[in-house]
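Open the model in your viewer and keep the sequence panel beside it. The stops below say what to select and what is there.

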Amino acid sequence: MKTLLTAAAASAAILTAAAVPAQERLLIGSTSSSSSHYGYFVAVNQIINSELDGVSSSVAETGATVDNLRRLSRDQIDMGLVTTNTGYHAYAGQGDFADRAVDSRLLWVYTVAPQNVVLREDAGVESLDDLDGVRLNPGITGSATESTTEAVLETLGIAPEYVRGSTTDVVASIKDDRIAGYVKSGVGNRLDGSTMDIATFTPIEVLSLSDEQAATLRREMPDIAVVDIPEGAGEGIPAYTTWAFGVAVHAHPDMDEETAYQIVKAVMENPEPQANAFSAVKDADLAEMTLEVGTVPLHAGAARYFEEQGMEIPDALQPAE
């Protein structure tokens, strides 16, 4: 009798387990745990786990963009941090990805890094065209800012005299008038801390793309965005136009459409945890930012959410087949 009861209990347990839907498990590739961006992905992970039924996720510390793209290509992660310029190169099979393109889909962009061309006011430089032969730091050695600056200015036919160095060395050189200026990522629509440090005792200006230059970059460099920065990026700084790249979340192309839709919906409708973890997200319009700065096709689930909000998807971001 005891044996029969045990067998019946076991059968009931099996039937009960079969009736419970399988939990979909997602792994999110982020970056180094010492980075503020890692904290952002922890917040995203919490949103997914609290807002989505039948889905559980976890965050993996990784080597950021390039590592995440390679992990996506090997099916080792489901989604992760990708800068929009490198994401485009991978998708198009360019540069470091010329031998092996990586197919991924855009979910959303969470911050934009405008590339600000900051000059001493007394450098006698009134426009980007005047930078020929001028001593300019294009960005920290080995950074995305450095490589992007060089590509942009080459595209525009402008040839400064590049001076390499760390942010600390470059800031000191600008203050001492050993170089005229540098290119530095902004923080949203604000100049970054090192630029504000220079401006404390050294009057500065931020150069703007002309309409013609902006059109050239839109046409010839689809890996970057052209953005308009409103007046007030720094004290006394008027509105200007510059190039930028974003930091985005890309997904594996095989991610289920409904899952992608629910993730994007949850992230768009729960901004507070993200802002608490990553201050640059505060008051940002992530949907607008995504459609303005994204460089690869949206995941079909993400596109569905944005279309439901009445937003028009640019041709370049239309979901791929």
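A helix crossing is left-handed if the near helix is turned anticlockwise from the far one by less than a right angle, and right-handed if clockwise. This is a predicted model, in which local features need pLDDT of at least 70 and side-chain atom pairs count only at pLDDT 80 or more, while totals for chains, interfaces and linings use all residues. Residues are numbered from 1 along each chain as its sequence is written, and side-chain values use heavy atoms, with hydrogens and water left out.

**Colour by confidence**

pLDDT is the predictor's confidence in each residue, from 0 to 100. The chain average is 91, and 93% of the residues score at least 70. Now select residues 1-10: pLDDT stays under 50 there, and the model has zero contacts (heavy atoms within 4.5 Å) beyond four places in sequence for them. Residues 12-20 are also below 50, with zero contacts beyond near neighbours in sequence. Where pLDDT is low, the predicted coordinates should not be read in detail.

**Select α2 and α9**

Helices are DSSP runs of H or I with at least four residues, strands are runs of E with at least two, and both are numbered from the N terminus. Axes are lines fitted to C-alpha atoms, for helices over the stretch in contact, and angles run from 0 to 180 degrees between N-to-C directions. The axes of α2 (residues 36-51) and α9 (residues 257-268) come within 10 Å and cross at roughly 115 degrees. α2 is therefore roughly perpendicular to α9 (65 to 115 degrees; under 35 is roughly parallel, over 145 roughly antiparallel, the rest oblique). Their crossing is right-handed. Show side chains: Y40, V44, I47, I48 and E51 of α2 meet I263, A266 and V267 of α9.

**Keep α9, add α12**

The axes of α9 and α12 (residues 300-308) come within 7 Å and cross at roughly 50 degrees, so α9 is oblique to α12. This crossing, too, is right-handed. Among the contact residues are Y261 and V264 of α9 and Y305 and F306 of α12.

**Select T111, then T62**

T111 is in strand β4 (residues 105-120). Is T111 buried or exposed? T111 has 9% relative accessibility, so T111 counts as buried (under 20%; exposed is over 50%, partly exposed in between, with a 1.4 Å probe and protein chains only). Leaving out residues up to four places away in sequence, T111 touches H37, G246, V247, F278, A280 and M289.

T62 lies in the loop between β2 (55-60) and α3 (65-73). T62 is buried, with a relative accessible area of 9%. With the same sequence neighbours left out, T62 touches residues including S30, D67 and R71.
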